[in-house]
Amino acid sequence: MSEVHPTLDIITLGRASVDLYGQQIGTRLEDTVSFAKSVGGCPANIAIGSARLGLKSAWLGRVGNEQFGRYITEQMAREGASTDGITIDPTRLTALAILGIEDDKKFPLLFYRENCADMALSEDDVDEKFILSAGAILVTGTHFSRANTAAAQFKAIKIARENGMKVVFDIDYRPNLWGLAGHNAGEERYIASDTVSQKLRDVLPHCDLIVGTEEEVLIGSGADDLHEALRTIRAHSRATIVLKRGPMGCIVYEGDIPNDLEDGIIGQGFPIEVYNTLGAGDAFMSGFLRGWLRNEPLDTCATWANACGAFAVSRLLCSAEIPSFVELQDFLAKGSSERALRKDARINHIHWATTARRRDYPTLKAFAIDHRIQLEDVADRLGAPREKISEFKVLAVQAAARVADGRDGFGMLLDDKYGRDALFAASKVPDFWISKPLEEPGSRPLRFEFSQDVGSRLVEWPIDHCIKCLCFYHPDDPADLRATQIDKLKTLHEAARKIGRELLVEIIAGKHGKLDANTIARALQDVYDAGIKPDWWKLEPQASPEAWVAIDGTIERNDPLCRGVVLLGLEAPRAELEAAFKATTASRTVKGFAVGRTLFASAAEKWLAGTITDDEAVEDMAQRFAELVSAWEQRGNA
């Protein structure tokens with residue numbers, strides 16, 4: 001037996017695909033016109049779900065050496081699942097699954113898995129040292145359908161059994177992946193087969209936990225009756241058996257199968273609206289494993305599994321819909337007033353903040369050059385063509401990238417009007433945070449630039465571009481103006497969440513009223529009272545530490561999952577900004593700055609006038625940005 005100390009809780013083996021789910025609900029797959037993308041495939045989903053729920057997980061399998069293969073690998077890493085077990089197949093493509101939703105019972109499903117990468121898994125891909133890095137492995141039914149994949153899984157099982165590890169078996173039966181149904185029968189759940197049953201029965205004696213639906217228990221045993229099927233499985237294995245029963249939850253059997261199947265261990269059930277059943281079992285397994293591998297009582301494991309399954313059934317995708325542990329615990333403690341959990345604003349916000357954000361930014365130093373009117377004014381005054389503004393913004397990207405020098409926590413604010421080429425350049429800077437404005441410059445009441453239909457516009461944005469919206473808002477503005485501003489922000493917030501983009505709200509109150517220690521905190525509270533929870537706030541410097549205490553308190557009371565605050569500059573001299581930075585030293589929510597004209601105004605004036613070269617403009621802006629970064633990093637020093 002190995003004396004290697006496990007660093008992972010579980011390694012899942014088997015299939016992985018890119019799932020494309022139809023976004024038009026209630027129509028044939030033939031008539032579906034747009035799709036949402038996520039990682040799919042039973043063991044890949046479980047690796048992600050387990051990671052979201054706090055386990056240390058990994059997926060072992062193959063992906064193609066192409067964009068979708070890289071997507072799966074990168075998404076695993078973003079989710080916190082280890083990628084050490086992923087093999088890149090040089091000749092095969094990553095599998096695809098395409099699904100539509102015709103109604104609450106019919107989900108047409110196409111698998112593109114002919115000679116796909118994950119079905120080329122071999123014994124050589126199963127490294128003993130890697131298997132021993134976990135306390136448990138999970139094998140899945142589909143990968144016992146071919147000799148090479150079955151051999152790979154049995155090798156992992158042998159290593160696990162010889163070294164005292166736990167073996168989990170998700171029966172995961174899809175007839176057409178065993179060649180028992182045609183391509184158009186992807187949603188078919190059960191076709192009897194003695195050949196399949198024999199292969200699955202061979203797995204049973206090696207297992208500590210066996211999980212399946214009623215149909216999967218039948219195929220796993222070869223029996224025609226559920227009671228007989230469970231007893232057949234028990235005759236082959238002393239494993240804990242979990243019978244999944246869809247909307248009725250699950251029953252867990254530890255010892256002998258009782259005469260009355262209801263006499264097993266039953267967890268709490270959760271009646272919800274069925275939206276899409278695909279992926280519910282993987283969410284279920286993730287929840288059960290979170291309890292089982294942490295030695296929770298089996299009724300707790302079952303409750304957590306039922307709840308995770310309920311989340312998946314009530315949402316569109318597979319892995320993307322599995323809850324985080326924070327989200328799960330909130331739901332168990334508070335429940336939901338919605339039978340369709342995807343409509344619960346509280347839960348959706350927790351889901352968004354704990355699973356959908358693509359990376360963390362403990363600090364953020366951003367070069368803001370999303371300005372349009374200000375640069376137009378300079379160009380017009382100097383007689384320079386406005387097209388030159390676009391070229392200047394590319395130089396600003398070069399300056400910011402030079403200062404960032406590959407370090408985390410840097411980024412830019414750039415616009416669509418003059419920043420197209422700059423945005424392309426910024427997207428090539430590794431780990432750069434990018435934000436784009438949506439507001440019509442200077443508008444009060446707030447209006448959006450180009451179009452008021454922000455949802456349609458956001459569909460075209462890269463997923464990691466953060467929305468920025470400047471709102472001139474003072475809590476003592478006339479009531480009708482405040483209502484108009486809030487309503488516009490609410491429209492934007494709803495679109496951002498629906499489309500899946502982060503939102504930064506910039507509040508400037510000082511241009512239209514006096515500021516005291518509570519002004520900005522009151523403005524933020526007005527926004528929160530409308531149900532708007534931005535990922536970021538961008539705020540003007542405050543005159544007193546008391547103002548930051550009030551702002552911190554408002555954010556933490558209303559949204560402890562908020563990313564934080566970045567300071568804006570308003571063309572303040574460097575000395576004023578340094579003083580503003582120092583005033584935030586004790587703040588718990590201020591994470592950095594997003595400053596613009598202080599950095600680029602001088603260079604823009606000279607470059608548009610033709611008195612400095614490109615290199616000199618870049619050098620000037622880089623020096624100013626570097627000095628401001630240094631001031632931020634030194635702000636707490638005496």
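Me: Buried means under 20% relative accessible area, exposed means over 50%, and partly exposed is in between (1.4 Å probe, protein chains only). Is Arg-52 buried or exposed?

Reply: Arg-52 is buried, at 11% relative accessible area. One caution first. This is a predicted model, where local features need pLDDT of at least 70 and side-chain atom pairs count only at pLDDT 80 or more, while totals for chains, interfaces and linings use all residues. Residues are numbered from 1 along each chain as its sequence is written, and side-chain values use heavy atoms, with hydrogens and water left out.

Me: Fine. Which element holds Arg-52?

Reply: Helix 1, residues 42-52. Helices here are DSSP runs of H or I with at least four residues, strands are runs of E with at least two, and both are numbered from the N terminus.

Me: And what does Arg-52 touch?

Reply: Contact means heavy atoms within 4.5 Å. Leaving out residues up to four places away in sequence, Arg-52 touches Glu-79, Ser-319, Ala-320, Glu-321, Ile-322, Pro-323, Ser-324, Phe-325, His-351 and Thr-355.

Me: Phe-325 rings a bell. Which residues make the contact between helix 9 and helix 10?

Reply: Axes first. The axes of helix 9 (residues 298-313) and helix 10 (residues 325-334) come within 11 Å and cross at roughly 100 degrees. Axes are lines fitted to C-alpha atoms, for helices over the stretch in contact, with angles from 0 to 180 degrees between N-to-C directions. That crossing makes helix 9 roughly perpendicular to helix 10. The cut-offs: under 35 degrees is roughly parallel, over 145 roughly antiparallel, 65 to 115 roughly perpendicular, and the rest oblique. Helix 9 brings Thr-303, Trp-304, Ala-307, Cys-308 and Phe-311 to the contact. Helix 10 brings Phe-325, Glu-327, Leu-328, Gln-329, Phe-331 and Leu-332.

Me: How many of those are nonpolar, polar and charged?

Reply: The contact of helix 9 with helix 10 divides into 8 nonpolar, 2 polar and 1 charged. Ala, Val, Leu, Ile, Met, Phe, Trp, Tyr, Cys and Pro count as nonpolar, Asp, Glu, Lys and Arg as charged, and the others, Gly among them, as polar.

Me: Switching to cysteines. How many disulfides?

Reply: The count comes to 0, with a disulfide taken as a pair of cysteine sulfur atoms within 2.5 Å.

Me: Why is Cys-471 not in a bond?

Reply: Because its closest cysteine sulfur, in Cys-469, is 6.4 Å away, too far for a bond. Cys-471 is also buried, at 0% relative accessibility.

Me: And which cysteine sulfur is nearest to Cys-562?

Reply: That of Cys-466, 11 Å away, and Cys-562 is in no disulfide. Cys-562 is buried at 12% relative accessibility.

Me: Helix 4 next. How many residues has helix 4?

Reply: Helix 4 covers residues 147-162, which is 16 residues. From first C-alpha to last it reaches 22 Å, close to the 22 Å expected at 1.5 Å a residue. The expected span is 1.5 Å times one less than the number of residues.

Me: Which residues of helix 4 are buried, and what covers them?

Reply: Thr-149, Ala-150, Ala-152, Gln-153, Ala-156, Ile-157, Ile-159 and Ala-160 are buried. Their cover includes strand 1 (8-13), helix 3 (128-131), strand 8 (134-140) and strand 9 (166-170). After helix 4 comes Gly-164, with a positive phi near 70 degrees.

Me: How many residues of helix 6 are buried?

Reply: 6 of its 8 residues (214-221), so helix 6 counts as mostly covered. They are Glu-216, Val-217, Leu-218, Ile-219, Gly-220 and Ser-221. They pack against helix 5 (194-201), strand 10 (209-213), helix 7 (226-236) and strand 11 (240-244). Just after helix 6, Gly-222 has a positive phi of about 90 degrees.

Me: Which residues does Ile-191 touch?

Reply: Tyr-173, Pro-175, Leu-180, Ala-181 and Ile-219, not counting residues up to four places away in sequence. Ile-191 sits in the loop between strand 9 and helix 5, and is partly exposed at 27% relative accessibility.

Me: What about Asp-172, buried or exposed?

Reply: Buried, at 7% relative accessibility. Asp-172 is in the loop between strand 9 and helix 5. Its phi is positive, about 45 degrees, although Asp-172 is not a glycine.

Me: Last one. Where is Phe-450?

Reply: In the loop between strand 16 and helix 15. Phe-450 has a positive phi near 75 degrees and is exposed at 56% relative accessibility. Pro-445 is in the loop between strand 16 (433-437) and helix 15 (454-458), and a cis peptide bond joins Arg-444 to Pro-445, with omega about 10 degrees. Most residues other than glycine have a negative phi, and most peptide bonds are trans.
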